[in-house]
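Please open the model in your viewer and keep the sequence panel beside it. The tour below goes from one selection to the next and says what is to be found at each stop.

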Amino acid sequence: MPFAYGVAVEICGVCVNPGDYVHMDSAGGVVIPSATLHRVFAIAEDIAAEEAEAAGVIRGENAQPGG
């Protein structure tokens, strides 16, 4: 039975504050403080672009004869 709303809670040693974003999947979970959400998205976009570039290089290496 809930007894509080809009307060910070601690889950397994991690503090989750009102407004924080929580993402969980089969690999684990992460808490993203609301004040840093835009920065986290920008970093994620940078990483995705770097991975796409690396994948293109790898595909190009595999297409070359003798490679």
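**First stop: a pair of strands**

Select Tyr21 and then look across to β4, where Ile32 stands opposite Tyr21. Before going further, note that this is a predicted model, in which local features need pLDDT of at least 70 and side-chain atom pairs count only at pLDDT 80 or more, while totals for chains, interfaces and linings use all residues. Residues are numbered from 1 along each chain as its sequence is written, and side-chain values use heavy atoms, with hydrogens and water left out.

Now colour β3 (21-25) and β4 (28-32), two antiparallel strands that are joined by five bridges; strands count as paired here if DSSP finds at least two bridges between them. At the other end of the pairing, select Asp25, whose bridge partner in β4 is Gly28. Between β3 and β4 there are two residues, and the two strands form a hairpin.

**Second stop: the whole chain**

Zoom out and follow the protein chain along its sequence, which gives the pattern β-β-β-β-α, that is, four strands and one helix. These elements are DSSP runs numbered from the N terminus, with helices (H or I) of at least four residues and strands (E) of at least two.

Turn the C-alpha trace, and you will see that it spans about 65 × 25 × 15 Å along its principal axes. The radius of gyration of the chain is 20 Å, whereas a compact globule of 67 residues would have one near 11 Å; this radius is taken over C-alpha atoms, and the globule rule is 2.2 Å times the number of residues to the power 0.38. How many of the 67 residues count as buried? The share is 6%, where buried means under 20% relative accessible area, exposed over 50% and partly exposed in between, with a 1.4 Å probe and protein chains only.

**Third stop: the largest pocket**

Select Ile11, Cys12, Val14, Val16, Val22, His23, Met24, Gly29, Val30 and Val31, which line the largest pocket. A pocket is an open set of points on a 1 Å grid over the protein atoms alone, where a 1.4 Å probe fits and protein lies on both sides within 12 Å along at least five of seven lines, and lining residues have an atom within 4 Å of a point. At least two lining residues come from each of β2 (14-16), β3 and β4.

Within this lining, Cys12 belongs to the loop between β1 (9-11) and β2. Is Cys12 buried or exposed? Cys12 is exposed, because its relative accessible area is 82%. Its phi is near 50°, a positive value in a residue other than glycine.

**Last stop: the loop before the helix**

Move on to the loop between β4 and α1 (37-63), and select Ser34 there. Ser34 is partly exposed, since its relative accessible area is 38%. Add Gly19 to the selection: the two C-alpha atoms are 5.7 Å apart, although 15 residues separate Ser34 and Gly19 along the chain.

Pro33 is in the loop between β4 and α1 as well, and Pro33 is partly exposed, with a relative accessible area of 39%. Finally, draw a line from Pro33 to Ala54, which are 21 residues apart in sequence and 30 Å apart in space, C-alpha to C-alpha.
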